[in-house]
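The following questions and answers ask how structural terms are justified. Each answer sets a value against a definition and draws the conclusion.

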Amino acid sequence: MASAIHLTRPGLPAAARQSRRSASWITLAAALVSLIALLPLAFIVWTAIQTGWGTVLALIFRPRVGELLVNTILLVVVSVPVAIVLSVALAWLIERSDLPGNRLWSWLSVAPLAIPAFVHSYAWISLVPGLHGLWAGVLVSVIAYFPFLYLPIAAALRRLDPALEDAAAALGLGPWRVFARVVLPQLRLAICGGSLLVGLHLLAEYGLFVFIRFDTFTTAIVDQFQSTFNGPAANMLAAVLVACCFVLLAVEVVVRGEERYARVGSGAARQQQRVRLGHATLPCLLLPAITALLTLGVPFVTVGRWLLAGGADIWRWDEIGLALGQTLFLAIAGALLATVAAMPMAWISIRAPSPLQRLLESCNYIVGSLPGVVIALALVTITVRIALPLYQTLFTILFGYALMFLPRALVSLRASIAQAPVELERAASSLGRPPLRALWATTIRLSAPGAAAGMAMVALGITNELTATQMLAPNGTRTLAMAFWSYSGEIDYASAAPYALIMVAMSLPMTLMLYVQSKRMAGR
Amino acid sequence: MKYALSTLAGAVALTASLVVAPALAENAGIIVYNAQHESLAKEWAKGFTKETGIKVTLRNGGDSDFSNQIVAEGAASPADVFLTENSPAMALVEAAGLFAPVDADTLAQVPQEYQPSSGKWVGVAARSTVFAYNKDKLKEDQLPKSLLDLADPSWKGRWAASPSGADFQAIVSALLELKGEAATADWLKAMKENSTAYKGNSTVMKAVNAGEIDGGVIYHYYYFGDQAKTGENSKSVGLHYFKNQDPGAFVSISGGGVLASSKHPKEAQAFLKWVTGKGGQEVLKTGTSYEYAVGKGEESNPKLVPLTDLQAPKVDPVKLNSKKVIDLMTQAGLL
């Protein structure tokens, strides 16, 4: 198509010129979004400078920060490996062995994602009231977040080429060694990505750890915020938390390394053979069964028990309806904003990749990996000091959501834009559509499924977001998560139960979509 | 997909009109930054709106974050009225000069001892410090005579509090005012050694009830509220009142004030008058909050130990300093 234009119009073809011009506009938009995304980071640096080094050092180098650092590091260092072992074992049993009912188990291993982490914690604390401290933190964290590891590991296992394993076996390695030397290395990317996700969630999580009385940086920042609104102590704790995030990101890059594992040459991978478990079937069944019991059984039994105990009184429909409406509105509007903001970046990352673009894109990912409490703290202070008309407005909260969840939208959009053929865009241009109209008529429409998937992911995040909503929302806002939190804080577990149930019900379809998408990516 | 998108857009527009429109309409009324218990403030707002037709929008939060927030917002604060659970938060806003004087006939409804000497805000309810203890673990002669006794090494690992909450910080601010900075810093240091931190007074009481800990410093009404419901979290709990003008006998005054920047000062003053008057105080007596009524001639719930029997230390609430308390608690490693 492009060559045809060349023939008819010598020199720089108008369509190409036009499309180059539109590309630069889009790049500009992407750059703008990325710069805005850096706002919270810039803010933290600015606060540190404003506070003065003496105070900064006094606030950072004190025993309390040491305690929090030890708590936070121990939590990540213990929980992530436990979650890896659990996820690999589950994924292998479900994908590579003849475990009975593996479709069902595969489902049940993803389903805990539909339950917000603080609802998991609520369920556990009302079942075992004395639960607290590091081990409780590890238990509930693994339960709430291991599917982030299970999903990519299971997908990777499904895609493995059995020829490598056969070769290793033919060279005389026993089954365990084959697993350790051939299978496990091929899972490295999935494990690294999943671990990073789990680690970042652990750094950001608030409600889960408050219930079981385990202090992390995030809970301490909220404590400080509640004591001083936006004092330097809270902001310096946030700076340390950001440093923790960067360390995690760096560790992941180092561990991931550069190696790739892939087939070389043509041909299709053979179907995998499932390993026969034989006598080990029953003991092996225990693992997914116990996991399902802990991750799904406990929340359902506890929520159910409180619903029964509370009776009809706890279904205050006017209150619930209002919270549901507000939550839906914030989730949909935030998802739209995040998707629109992600579009330019997604487009240039596929159509016009460059070192600059990669740099800009990484800005978005870094900010998206920061805990919501850090972003919220920054936006509160910025709006109250500099942009007061925006303070506590719908705009600011949606803006905060967009910053926090932009990467979710970006990832899905990129994947679907990559599948939309560029030729259509060019054809539309050559048929005389102005560049942006051409883009709208072709690529944007074709990427709609990806956009929808990304939006759903963003909406899921917003529905379960607690701290940022509390800090940024306009007067009179009361989301499901806020209502749940306020009741459970007064130990009115029964009144909190309907909100827990509704949040789980809302998250289910999105979890289903994640599950289906991971299957599709693995080619099945 | 086009239909899907337009359906989505339609859904957004619909939800927007359902949610945002009423929120905008409510701007006709007053905005209350409410740090009081949500259920209590809701009762107050409902009763007031029913009587006057003036709408009330509540923004719920805590004492300290709201007081600091109002100071940060300054004259641009959207709030008309500020309600707290404790006095230090009111003192902070007052010190920043952001309160309008309370109408004289409102002040006249509340005795002198339950309002600040300045008349910039007014007491709307009160709460007493107690030591809630597990009756199976502690006998009466083992109870601390004074709040200061809890600094003794013999109490190590045996008592709890919720240091991140404004309730407890108010008690510390009374201690600061009564005993001075050095004594308070020492006591807080000992507290970091001896006590277990919980989030929220209800959680402290729950732990005491379960025997996880011997006792905890909380306010009185958590116990009565739970007793009135199922008693599930207070079956084994006893309440110890320190009395004798001890810092631990501190009675914290919940305050209400009208902001100088309010765009609806008349309505805001009317709200405060209603809350401190017959209607508002009646809610305290008959409702489920179990806080003390402070209005002249108003009675508290008969289940409570009368306010006048508590032998509380005399503290002018204007002098309670929350900022200093936060600094001291941060230095002690409690925050």
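**Terms and their grounds**

Q: Why is Lys243(B) called partly exposed?
A: Its relative accessible area is 26%. Buried means under 20%, exposed means over 50%, and partly exposed covers the values in between (1.4 Å probe, protein chains only). Lys243(B) therefore counts as partly exposed. This is a predicted model, in which local features need pLDDT of at least 70 and side-chain atom pairs count only at pLDDT 80 or more, whereas totals for chains, interfaces and linings use all residues. Residues are numbered from 1 along each chain as its sequence is written, chains are lettered from A and ligands numbered from 1 in the order in which they are written, and side-chain values use heavy atoms, without hydrogens and water.

Q: Where is Lys243(B) placed, and what is notable about its phi?
A: Lys243(B) is in the loop between strand S9 (237–240) and strand S10 (251–259) of chain B; strands (E, at least two residues) and helices (H or I, at least four) are DSSP runs, numbered from the N terminus. Its phi is near 50°, which is positive although the residue is not glycine. Most residues other than glycine have a negative phi.

Q: What is the phi of Arg213(A), and is this residue buried or exposed?
A: Arg213(A) also has a positive phi without being glycine, near 55°. This residue lies in the loop between H13 and H14 of chain A. Its relative accessible area is 18%, so Arg213(A) is buried.

Q: How much area is buried between chain A and chain B?
A: About 3,600 Å² is buried, and carbon and sulfur atoms give 58% of this. Buried area is the accessible area (1.4 Å probe) that two parts lose on being put together, summed over both. Arg213(A), Asn475(A) and Ile491(A) supply 17% of the area that chain A buries against chain B, more than any other three residues.

Q: How many residues does the contact take from each chain?
A: Chain A gives 44 residues and chain B gives 42, contact being defined as heavy atoms within 4.5 Å.

Q: How do you know that Arg478(A) forms a salt bridge with Glu38(B)?
A: A salt bridge is a side-chain nitrogen of Lys or Arg within 4 Å of a carboxyl oxygen of Asp or Glu. The closest N and O atoms of Arg478(A) and Glu38(B) are 2.6 Å apart, so the pair qualifies. The count between chain A and chain B is six salt bridges, and the structure holds 23 over all chains.

Q: What makes Asp215(A) and Arg64(A) a salt bridge, and which parts of the chain does the pair link?
A: The N to O distance is 3.1 Å, so the definition is met. The pair links distant parts of the chain, 151 residues apart: Asp215(A) is in the loop between helix H13 (207–211) and helix H14 (217–228) of chain A, and Arg64(A) is in helix H5 (residues 63–96) of chain A. Both residues are buried.

Q: Why is Glu193(B) called exposed, and how does Lys156(B) rank?
A: Glu193(B) has a relative accessible area of 51% and is therefore exposed. Lys156(B) has 49%, so this residue is partly exposed. Their side chains meet in a salt bridge, at 3.4 Å from N to O.

Q: Why is Asp214(B) called buried, and how does Arg158(B) rank?
A: Asp214(B) has a relative accessible area of 11% and is thus buried. Arg158(B), with 25%, is partly exposed. The two side chains form a salt bridge of 2.9 Å, N to O.

Q: Why does Tyr499(A) count as buried?
A: Its relative accessibility is 2%, so Tyr499(A) counts as buried. Tyr499(A) is found in helix H26 (residues 493–521) of chain A. Not counting residues up to four places away in sequence, Tyr499(A) touches several residues, among them Glu319(A), Leu480(A) and Phe484(A). Leu480(A) is 19 residues away from Tyr499(A) in sequence, and their C-alpha atoms are 5.8 Å apart.

Q: Which residues touch the most other members of the largest nonpolar core?
A: They are Phe118(A), Tyr122(A), Ile153(A) and Phe484(A), in a core of 170 residues. A nonpolar core is a set of buried Ala, Val, Leu, Ile, Met, Phe, Trp, Tyr and Cys residues joined through side-chain atoms within 4.5 Å.
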